[in-house]
Amino acid sequence: MKYKIKKTHLLILLIVYCFQSLSAQKNEYKLWYNKPAQVWTEALPLGNGRLGAMVFGNPAAEQIQLNEATIWAGKPNNNANPDALENIPKVRQLVFAGKYLEAQTLATEKVMSQTNSGMPYQPFGDLRISFPGHTRYTDYYRDLNLDSARATVRYKVDGVTYNREIFTSFTDQVVIIRLTASKKNKITFNAVLTSPHQDVMIASDGNCVTLDGVSSWHEGLKGKVKFDGRLTAKTEGGTFTCKDGVLSVENANEATLYVSIATNFNNYKDIDGNEKERAKNYLDKALTHTYREAKIAHTAFFRKYMDRVSLNLGKNTSKETTDMRVQNFAKTNDANLVATYFNFGRYLLICSSQPGGQAANLQGIWNDKLLPAWDSKYTTNINVEMNYWPAEVTNLSEMYQPLLQLTKEVSETGKDAAKIMYGVDGWVLHHNTDIWRITGAVDKAPSGMWPSGGAWLCRMMWEHYLYTGDREFLKSVYPIMKGSAQFFDNIMVKEPVHNWLVVCPSNSPENTHAGSDNKSTTAGGVTMDNELISSLWGIIIKSSKILNTDADFAAHLQDRMKEMAPFQIGRWGQLQEWMFDWDNPDDTHRHVSHLWGLFPGNQISPYRTPELLDAAKTSLIHRGDESTGWSMGWKVCLWARLLDGDHAYKLITDQLSIVRNEPKHGGTYPNLFDAHPPFQIDGNFGCTAGIAEMLMQSYDGFIYLLPALPTVWRNGEIKGLVARGGFVLDLKWKNGKIETVKIFSRIGGNCRLRSLTPLTGAGLTEATGQNSNPLYGVPPIPKPLINENAKLNPVNLKKTYLYDLKTAKGETYIINP
């Protein structure tokens, strides 16, 4: 990623910055605390898509933990197991014979990768700054400003006020730390770079401290990612020396530190870059700008994304620190904290996923461990997809690009895995990948024997098309989606009981089933696979018409879809998770994979499939509310799709449950990171998407305004949400009812609105028939099979009003009650 700011642009940026600063004063969102961070999940995250920083804010011994997005263990490789080709048919036959545990055991022994299960994402190290005598501090304050992507620390020592301001510059691609004091000659400190990696080289190079190292060995694979870090400073007054790896400043009026980090990583198959040259170039260019110039450029870059959306649920009347607001949320119903949490989710996505960089991983871009939980990889059976649920709807479409690039790359490596493991054309991705884009099955079969990751990532590509209407984009990714569709067409087989076309072997992610006395997850024809494959094949059928290509292949898939299993409603009225009625009403497993068709899919609808909606609701009720953090984020989305705003809000309350040093439940850490536990960033993104889904939905053939508004949000306003079809909406409501709607049409086309309140506006007409906007098509759903013992509940929907508005590209429309 390269950003260039010309001197001639700085005046414009200054004007924009000053204007933004004035507007920000109206409703500032921030995280703030009255004591330093003691543990990592109390530190405050900064990021620019490539560099991550966690600021602890200790007055006497500052620690800023550092990441660079391409520092991963290992080296280019793929990990498909050639033994799988012979043994997958054997596993399949064991499944069809009802020998599920034997099937799972064989899959673990003969199908899972025998080389490695993927490489861990790893930290660079830390910047540590010691300030002599500053243990005597008073009047402590630190914050993370979500309007400017800057962290500040402020305190007093012996009557002097000290300030630190830190940001990871988007435009200069370095970490910048400014140190000031209320009196002259008071800035004195020593600064060093440290790293948990073995055999790092720390030295001084002129006025720079340098740290060089290489990523770790892991599972027999030698680390080959070389990294270089450089630290220097600019000072006003005092003395500045750099010797023996220590940067020392004495009696300065102020000081600005710069940290540059780079690696030799070019792409998943090329690590021949020059990390030293890159780090030096980043630093040299950053030093050509004054601190003020750097701050203005950084803030303007960040705010062009952040300011697209604003959520106002009421003013902040609390004087408590952010962690205490979370701790007391169940009692206070602090609506402003919900808005802060929503903004924090968007902030995290901007900071961890920038065009040209790596996709946000399991921890976004922030990690302090050489061996983080689950290697902080890309888990594709829910987690990496959840990271991007807020991207389109909260007006951050550009942040999608790294995920789209990841999908392109795994479609390349996945061709090898499909051929080696299954003996077929097309491409496959199992439940995990990493920076090297491994596509073999990893870990053990209970989680790893799941070949459907590619289908879900293709759905994410299709969603990008639905939001943008970009036909050229669709044309560019169609071969990728077709390759995944071909893979499933090649590997799916008829199961012996119903003669349905199924994926086997597979699993309903990570959940054991009664067919094996809950000893195995391995199965065939699970509901989630059926949902994903029918969605994928439906996408190919639609795309072939849009692009006027592959009519024969589309017709073939249309015929194959008729052979697939329909949805099934089981004996206690639940949506069946498996092909057989194995669901346990007491099962509270964190994954609710069979509800994919409700969210994020669009196969289950209050208006089109009420029986399935009721069955999905029954399943969700029995799953329970409290769970891992990311699971609760998913459930916010699901209850929003069920049009139950109060239950969705209850899940937000569960999510905003404080988790401190010894976590025993999911929730939120003091720094607002999601607690699985441990930290997984997907919960932040899932809940952010869920809040948007409560206020606006566009998956069901129309835009539903305030579909799941909880009673506690009586008044509010959101600006900048994006609906499919490229409609940008501003919504304002009072006493729970729409007050005004502003719609900007990016690409034109019919805008169909559903509202609980009658609406008026120029060009607004009563809607009839099918929506003429092709981006609002809905899939045909075969009639479900319903167990004769199932007791279904009627779906009672509130009275709504349906309107059409013919829009022109680039025009704005005002709608009123």
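**Notes on the predicted model: sheets, a cavity and some backbone details**

1. Let's start with one pairing in this predicted model. Strand 33 runs antiparallel to strand 35 (residues 801–807), and 3 bridges hold the pair in register. Within that pairing, glutamate 766 sits opposite tyrosine 803 of strand 35.

2. Where does strand 33 fit in its sheet? The sheet is open, has 5 strands and follows the order 27-28-32-35-33, with mixed pairing. Strand 27 (696–697) and strand 33 (764–766) are at the edges; each has a single partner strand, so one side of each has no neighbour in the sheet.

3. Another sheet is worth a look while you have the structure open. Here 9 strands make an open sheet in the order 1-6-7-8-9-16-13-12-11, and the pairing is antiparallel. Its edge strands, strand 1 (30–33) and strand 11 (201–205), each pair on one side only. From one strand to the next, the twist averages 15°.

4. Inside this 9-strand sheet, you can pick out the pairing of strand 13 (residues 226–236) with strand 16 (residues 254–263). These two strands run antiparallel and are joined by 10 bridges. As a landmark, alanine 233 is placed opposite leucine 257 in strand 16.

5. Now for the empty space. Rolling a probe the size of a water molecule over the atoms shows where such space is left. Searching the whole structure gives 6 cavities of 30 Å³ or more, and the largest cavity holds about 240 Å³ of space.

6. Which residues should you click on to find the largest cavity? Its lining has 20 residues, and Trp389, Glu463, Tyr467, Phe599 and Arg724 are the ones nearest its centre. By class, the lining comprises 12 nonpolar, 2 polar and 6 charged residues.

7. Which helix gives the most to that lining? Helix 13 does, with 5 residues. At least two lining residues come from each of helix 10 (389–393), helix 13 (453–468), helix 20 (682–695) and strand 27. Strand 27 is also one of the edge strands of the 5-strand sheet described in point 2.

8. Helix 20 has a further relationship to note. Its axis and that of helix 19 (residues 645–655) come within 11 Å and cross at roughly 155°. An angle over 145 degrees counts as roughly antiparallel, and helix 19 and helix 20 are therefore roughly antiparallel to each other. The crossing of helix 19 past helix 20 is left-handed.

9. A few backbone details deserve a second look, since most peptide bonds are trans and most residues other than glycine have a negative phi. Just ahead of helix 20, in the loop between strand 26 (674–675) and that helix, is proline 677. The peptide bond joining histidine 676 to proline 677 is cis, with omega about -10°.

10. Where is the other cis bond on my list? The bond from cysteine 504 to proline 505 is cis, with omega near 5°. Proline 505 belongs to the loop between strand 21 (501–502) and strand 22 (506–507).

11. Last comes asparagine 251, which is part of strand 15 (residues 246–252). Asparagine 251 has a phi near 55°, a positive value in a residue other than glycine.

Methods:
Residues numbered from 1 in each chain as written. Predicted model: local features only at pLDDT ≥ 70, side-chain atom pairs only at ≥ 80, totals over all residues. Heavy atoms only, no water. Pairing = 2+ DSSP bridges. Helix = DSSP H or I, 4+ residues; strand = E, 2+ residues; numbered from the N terminus. 1 Å grid on protein atoms, 1.4 Å probe; cavity = no way out; pocket = protein on both sides within 12 Å on 5 of 7 lines; lining within 4 Å. Points joined across faces, edges and corners; volume = space filled by probe spheres on them. Nonpolar A, V, L, I, M, F, W, Y, C, P; charged D, E, K, R; others polar. Axes fitted to C-alpha atoms, helices over the stretch in contact; angles between N-to-C directions. Parallel < 35°, antiparallel > 145°, perpendicular 65-115°, else oblique. Left-handed = near helix turned anticlockwise from the far one by under 90°.
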